[in-house]
Amino acid sequence: MLESIINTSLYKNLNLEKNLLHSYLFYSSDAELNNIIALFFAKTLLCNSHTANDNCDACRQFDAKTHPDLTVLKQDSIKVEDVSKIIAKLNTLPISADKKVFVILNADTVNEISQNKLLKSLEEPNSSNIFILTTTKTDKILNTVMSRLNKIFVPSLQLHDKKIIADELKKQNIDISQYVNSNFTLTEMINLVNNSNFQNTITDIFNIFQNLNTTSDIPRVVSSLNLNDKSIFFSHLQDIVLSCIKNDYSKYDKALIDLINAKFPKKALIKSLPFIEDAYKKQMANVNFYYILDNLLFNMLKEKFLCK
Ligand SMILES: [Zn+2]
């Protein structure tokens with residue numbers, strides 16, 4: 001969550017606290033920004049002091065995604081059963097807050113059948129239910145639904161606001177600072193950062209397999225890596241090894257898949273999967289990254305030699 005959004009002129013100008021309404025639609029071409037605003041607003045509604053930055057029980061539950069009065073739908077394609085879950089909760093009493101908050105991110109991905117289901121709940125406002133939707137495509141939302149929503153246009157970020165958000169994102173290892181002077185939207189900036197981290201990670205994995213032949217290569221191979229986003233390293237490695245096992249060229253470069261398949265028998269790759277899974281879990285538990293990687297490569301080479 002981006003708590004500092006409250007300090008942006010954009011958020012202040014939206015004046016959301018002024019009088020509370022039953023349903024909101026935050027819309028603009030910037031999906032990330034819409035969603036950040038929507039979630040922050042939801043958090044202020046549930047927060048005990050309505051500030052969303054007092055670290056109260058409600059705030060902590062919100063951050064842990066365990067707040068009993070919060071429902072968030074955010075898949076790329078929101079299914080009928082997801083909307084049914086909301087409908088089922090509509091007539092129940094709030095559990096810990098004074099209201100229930102339903103957030104539907106990227107509401108344009110809710111299909112027509114589900115939108116019609118949702119419409120019924122929007123038509124019968126209940127003061128304890130608040131709906132917060134976001135979209136980049138207002139034309140994908142049924143007119144009947146649109147007419148029930150209080151539409152709030154999210155203006156593009158000014159430099160001052162971009163800097164505030166950039167500082168906050170940096171804490172989550174997303175460094176957009178090099179783009180803040182550009183005209184990119186927040187979504188575009190985050191995608192650019194993620195893409196360059198992705199590319200660097202793939203290059204690192206390629207270099208490992210190109211230079212790794214025996215266990216004595218491990219220290220040199222590991223120390224030469226770029227590793228600009230360690231958090232995505234093992235999940236990609238796992239995905240790449242699975243692609244190698246299945247000869248699947250759809251996600252990663254053919255050169256990378258062929259390189260690994262040329263160096264490692266399939267059987268060794270299959271036997272390596274539990275080690276990669278273990279490495280991923282250890283990293284989640286904050287074990288030293290280099291220690292995990294050394295061990296993993298050692299085990300992968302061991303499996304390779306056992307297959308010979
Ligand atoms: Zn709070």
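A crossing of two helices is right-handed if the near helix is turned clockwise from the far one by less than a right angle, and left-handed if it is turned anticlockwise. Keep that in mind for the helices of this predicted model, where α8 passes α10 in a right-handed crossing.

Let's stay with that pair for a moment. Helix α8 covers residues 186-211, and its axis sits 10 Å from that of α10, at an angle of about 60°. Angles from 65 to 115 degrees would count as roughly perpendicular and those under 35 as roughly parallel, so α8 and α10 come out as oblique to each other. On the α8 side, the contact is made by Thr-201, Ile-202 and Ile-205, while α10 brings Phe-233, His-236, Leu-237 and Ile-240. Sorted by class, that contact of α8 with α10 has five nonpolar residues, two polar ones and no charged ones.

Now bring in the next helix. Helix α10 (residues 233-245) also packs against helix α11 (residues 254-263), this time at about 75° and with the axes 9 Å apart. That angle is why α10 and α11 are described as roughly perpendicular to each other. Here Ile-240, Ser-243 and Cys-244 of α10 meet Leu-256, Ile-257, Ile-260 and Asn-261 of α11. The class count for α10 with α11 is five nonpolar, two polar and no charged residues. Ile-240 turns up twice in this story: it is part of the α10 side facing α8, and it is part of the α10 side facing α11.

The remaining pairing is α8 with α11. Their axes are 10 Å apart and the packing angle is about 25°, which makes α8 roughly parallel to α11. The handedness is left-handed for the crossing of α8 and α11. From α8, the residues involved are Ile-202, Ile-205, Phe-206, Phe-209 and Gln-210, and they meet Leu-256, Leu-259, Ile-260 and Lys-263 of α11. The contact of α8 with α11 has seven nonpolar residues, one polar and one charged. Ile-202 and Ile-205 of α8 appear here and also in the contact with α10; on α11, Leu-256 and Ile-260 meet α8 and also α10.

Time to move over to the sheet. Five strands make up an open sheet, ordered β2-β3-β4-β1-β5, with parallel pairing. At the edges are β2 (70-73) and β5 (150-153), each of which pairs on one side only. From one strand to the next, the twist averages 15°. Inside the sheet, β1 and strand β4 (residues 129-135) run parallel and are joined by five bridges. One place to look is Ser-23, whose bridge partner in β4 is Phe-131.

Helices cover this sheet too. Helix α2 (residues 31-46) packs on it, touching β1, β2, β3 (100-104) and β4, and its direction makes about 165° with that of β4. Helix α4 lies across β2 and β3, running at about 160° to β2.

How far should you trust all this? The mean pLDDT of the protein chain is 92, and 100% of its residues reach 70 or more. Confidence is highest in strand β1 (residues 23-27), at 97, and lowest in helix α4 (residues 80-89), at a mean of 87.

Definitions and conventions: Residues are numbered from 1 along each chain as its sequence is written. This is a predicted model: local features need pLDDT of at least 70, side-chain atom pairs count only at pLDDT 80 or more; totals for chains, interfaces and linings use all residues. pLDDT is the predictor's confidence in each residue, from 0 to 100. Helices (H or I, at least four residues) and strands (E, at least two) are DSSP runs, numbered from the N terminus. Axes are lines fitted to C-alpha atoms, for helices over the stretch in contact, and angles run from 0 to 180 degrees between N-to-C directions. Angles under 35 degrees count as roughly parallel, over 145 as roughly antiparallel, 65 to 115 as roughly perpendicular and the rest as oblique. Two residues are in contact if their C-beta atoms, placed from the backbone, lie within 7 Å. Ala, Val, Leu, Ile, Met, Phe, Trp, Tyr, Cys and Pro count as nonpolar, Asp, Glu, Lys and Arg as charged, and the others, Gly among them, as polar. Two strands pair if DSSP finds at least two bridges between them.
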